[in-house]
Structures are given as structure tokens and as C-alpha cells.
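Here's a quick walk through this one, from the overall fold down to a few individual residues. Have a look at the model first, then read on.

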Amino acid sequence: MREGFRQELRDLKAEVLSIIRDVSVVTRKAVTSLVEGDVDLAEEVIGGDDDFDRRCLGIEEHSLEVIATQGPVARDLRLLYSLIYMSLHLERMADLAVNIAKAAKRTATRRGPQTLYDLIQAQGNLVYRVLDATSEAFEKSDLELARKLQDLDEPIDNLYKQFFRELARLHDEDDIEWASSMVMASRYLERIADNAVDIGERIAYLITGEFEGVGTSEEE
């Protein structure tokens, strides 16, 4: 019976890892759809939202079922509650990617200044790095990498701020409307990375058994 319990834990962890990787894929597609004005790709991202909702809800429901039927304690209980926590963040991240795809649809009929496309692409590249690091930290229980996610997130915040400096240079009313959608897309990317950092903190908790809030580690 306990081997069945162990397999359920392995299956849940594998599914969460798979969702993290798929969130990375869909984020890349969303950014590409925005930068290239690809409405079909944007529609693909939007169309996949229900599947992410279903999978993340499945993690929550399965974890609660295991808690109710198996009576896990200590490390196993910590894992199950953490998987629920992570699934909630992953669902939000997928929703944010969908929001970027919706921005792609709104802006597809008009090409704005290349500078903002370049900033979105640069920001996206940094977000991909954070997502890949999140996946690796979870898969390998890499405490150092989980703690490093906050540092990887900082340049993304800086690029988001650059959008407002670029926005101030636009004067045409149509440009401002277009840029507003781009700024929101940049904000969504920033939030995806922020959620990944939250997952990284939970990974560190899984490894150490202690919460390590930003700015509260003993090393600082």
C-alpha cells in the first residue's frame, strides 16, 4: 500500500514539473505572437488555457485526496501542500501568458516602434531563463538555484521600467494606445517571473523545511 502512496507522490511531482515546462513553452509562444503579430499563434495560446486550468485543478484535487486517504506526515505532507501551492501559481502564470496573447491580437493590425518589440523580446528571453531555472531547481532539488531565482528576476523588473521611458517619447494618439497594450504585456511577463520566484521559495522550503522569505536569509 505504501508503494502505491509513493507512486502517487512521484506522479504528482512529475505532473507539476511537466506543467512548469509547458508554462515555459506557452510563454514563449505568447511572446512570439506579440513580437511577430502572429494572430494564429495567439489563438493557439488562448485556446490552451482550459487545459492548464484542468491540469492545475487536478493537482489540487489529487493532492487533497492523498492527504485525506493516506494521512501523510512531515516531509510528505509538506510536499503535498507545496504542490497545491505551486499549482495555483502555475495556473496564474498560464493565465498571464494568455493575457499576452490577447495583447498580441489587439496590436496585430498595427506595427509600432521596433524599440518596444525589442524590449518585449529581451524581457521574454530573461523570463524564459527564470522558468527554465525553476524547472531545473524543482527537478533536481537544487537549493542554490532556487535561491538564485530572485536575482534572475531583477533585470526583468528593470526592463519593465524602461517601457515607461519609451512610452514618454510617443506623441501620436494611436501610438500611445498601441504602446499601452505593449506595456501591459511587459507587466504580464514581469508577473510570470514573480510567480516563478514564489515557486522557487517553495522549492527551498521543500528542501530545507524552513521558509526563506525575500530578504530574510541568514546570509544577508
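Where is S141 found? S141 sits in the loop between helix 5 and helix 6, and we'll come back to its backbone further down.

## Ground rules

Keep in mind that this is a predicted model, where local features need pLDDT of at least 70 and side-chain atom pairs count only at pLDDT 80 or more, while totals for chains, interfaces and linings use all residues. Numbering starts from 1 along each chain as its sequence is written, and side-chain values use heavy atoms, with hydrogens and water left out.

## The overall picture

The protein chain has seven helices and zero strands, counted as DSSP runs (H or I, at least four residues, for helices; E, at least two, for strands) and numbered from the N terminus. Its radius of gyration is 19 Å, close to the 17 Å that the globule rule gives for 220 residues, so the chain is as compact as a globular protein of that length. That radius is taken over C-alpha atoms, and the rule is 2.2 Å times the number of residues to the power 0.38. Along the principal axes, the C-alpha atoms fill a box of roughly 65 × 40 × 20 Å.

Of contacts with a separation of 6 or more, 83% join residues 24 or more positions apart; contact here means heavy atoms within 4.5 Å. Buried residues make up 47% of the 220, where buried is under 20% relative accessible area, exposed is over 50% and partly exposed is in between (1.4 Å probe, protein chains only).

## The core

In soluble globular proteins, nonpolar side chains tend to be buried together. Here the largest nonpolar core has 69 residues, and V16, L34, L90, M93, I120, F138 and M182 touch the most other members. Such a core is a set of buried Ala, Val, Leu, Ile, Met, Phe, Trp, Tyr and Cys residues joined through side-chain atoms within 4.5 Å. The elements giving it two or more residues are helix 1 (2-36), helix 2 (39-47), helix 3 (49-70), helix 4 (74-107), helix 5 (114-140), helix 6 and helix 7 (173-208).

Take I120: beyond four places in sequence, I120 touches V31, L34, V35, F163, M182, A185, S186 and L189. F163, in helix 6 (residues 143-167), is buried at 0% relative accessibility. Outside its neighbours within four places, F163 is in contact with L116, L119, I120, Q123, M182, V183 and S186. F163 and A179 are 16 residues apart in sequence, and their C-alpha atoms are 8.6 Å apart.

## Helix 4 meets helix 7

Y205 is found in helix 7 and is buried, with a relative accessible area of 15%. Among its contacts more than four places away are R78, S82, E210 and F211. The C-alpha atoms of Y205 and R78 lie 8.7 Å apart, although 127 residues separate the two in sequence.

S82, in helix 4, is buried too, at 0%. Leaving out residues up to four places away, S82 touches R202, Y205 and L206.

## Two positive phi values

Back to S141, as promised. Its phi is positive, about 50°, although S141 is not a glycine, and at 44% relative accessibility S141 counts as partly exposed.

A74 also has a positive phi, near 50°, in a residue other than glycine. A74 lies in helix 4 and is exposed, with a relative accessible area of 60%.
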